Amino acid sequence: MTVLAYEIMTPSIKAVPQSWTMDRLARFLTDNEINGSPVTDETGEIVGIATLKDITEFRWNASRSETDTRMTPEEEQEARRLRMAIFEEMGKVPVEVRDIMTPIVLSVDEQTPVRDIADIMMREHLHRIFITKDEKITGIVTTYDMLKLISDQELTNRCAGNG
């Protein structure tokens, strides 16, 4: 018997509003010991996903430049000084979740076989995918949830087609 998405999904989803600041998102993710969260608009609809990686990439991109390697040492120093000044000013205007989130939301139906989910996650390099029923999000499958297939013998056997 095939293992389906609803059997391994995490049904409780901790979503954040797109108007939250990046710092508030970072605290939320840390406090809840999660790496990412769905992002909702003012009506509660999920419009994207924001992760610790998004925060890291934003901060990294604000402090470096691809053009550094084509500059003289003096130009690099000046560019670094200007980036830091801009970054400090940006820090005074809070960056919102909507500014750093990934606006693409991939989802599959609750009845999707986990093998199909694994294929999608591998192909798209995803750590999480939303689960839906009647086009409403009912849960999430993360790489952690996929580990249930290995740690639970009955699920392992069913997924392998042995039981």
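Which residues are buried in helix α6 (residues 114-124)? In this predicted model, the buried set in α6 is made up of V114, I117, I120 and M121. They sit on the same side of α6, because the arc they cover around the axis is only 115 degrees. Turn to the other side of α6 and the picture flips: M122 and R123 are exposed there. Just after the helix comes H125, with a positive phi near 55 degrees. That residue belongs to the loop between α6 and β5, and its positive phi is found in a residue other than glycine. H125 has a relative accessibility of 69%, so it counts as exposed, the cut-off being over 50%.

Helix α2 (residues 22-31) can be read in the same way. Here M22, L25, F28 and L29 are the buried residues. Looking down the axis of α2, these fall within an arc of 120 degrees, so they line one face of the helix. R27, T30 and D31 are exposed, on the face of α2 turned away from the buried side. What follows α2 is E33, again with a positive phi, near 55 degrees. E33, too, is a residue other than glycine with a positive value, and its place is in the loop between α2 and β2. With a relative accessibility of 75%, E33 counts as exposed, because the cut-off is over 50%.

Next, the sheet. Three strands make an open sheet in the order β1-β2-β3, and the pairing is mixed. β1 and β3 are the edge strands, each pairing on one side only. The mix shows up when the two pairings are taken in turn. β1 and β2 run parallel and are joined by two bridges, with V16 standing opposite V39 in β2. β2 and β3, on the other hand, run antiparallel and are joined by five bridges. In that pairing, P38 has I49 of β3 as its bridge partner. β2 and β3 also form a hairpin, with five residues between the two strands. One residue in the turn, G44, has a positive phi of about 90 degrees.

Both strands of the hairpin turn up again in the pockets. The largest pocket has a volume of about 830 Å³, and 29 residues line it. Nearest its centre lie G36, I49, T51, H127 and R128. So I49 appears twice in this account, as the bridge partner of P38 and as one of the residues nearest the pocket centre. Which elements give two or more residues to this lining? They are β2 (36-40), β3 (46-51), α3 (52-63), β5 (128-133), β6 (136-142) and α7 (143-146). By residue type, the lining of the largest pocket splits into 12 nonpolar, 10 polar and seven charged residues.

The second largest pocket holds about 190 Å³ of space. Its lining consists of G44, E45, I46, V105, S107, T132, E135, K136 and I137. G44, the turn residue of the β2-β3 hairpin with the positive phi, is thus also a lining residue of this pocket. Sorted by type, this lining comes out even: three nonpolar, three polar and three charged residues.

The ends of the chain deserve a quick look as well. M1 is in the segment before α1 (5-8). How far apart are the C-alpha atoms of M1 and R158? The separation is 5.5 Å, although the two residues are 157 residues apart along the chain. M1 itself counts as exposed, because its relative accessibility is 67% and the cut-off is over 50%.

Finally, a word on confidence. The protein chain has an average pLDDT of 85, and 88% of the residues score at least 70. Confidence varies among the elements: helix α4 (residues 73-92) has the lowest mean pLDDT, at 74, whereas strand β1 (residues 16-17) has the highest, at 96. That strand is β1 of the open sheet, one of the edge strands.

Conventions
Residues numbered from 1 in each chain as written. Predicted model: local features only at pLDDT ≥ 70, side-chain atom pairs only at ≥ 80, totals over all residues. Heavy atoms only, no water. 1 Å grid on protein atoms, 1.4 Å probe; cavity = no way out; pocket = protein on both sides within 12 Å on 5 of 7 lines; lining within 4 Å. Points joined across faces, edges and corners; volume = space filled by probe spheres on them. Helix = DSSP H or I, 4+ residues; strand = E, 2+ residues; numbered from the N terminus. Nonpolar A, V, L, I, M, F, W, Y, C, P; charged D, E, K, R; others polar. pLDDT = per-residue confidence, 0-100. Pairing = 2+ DSSP bridges. Buried < 20%, exposed > 50% of the residue type's maximum accessible area, 1.4 Å probe, protein only. Arc of directions from axis to C-beta.
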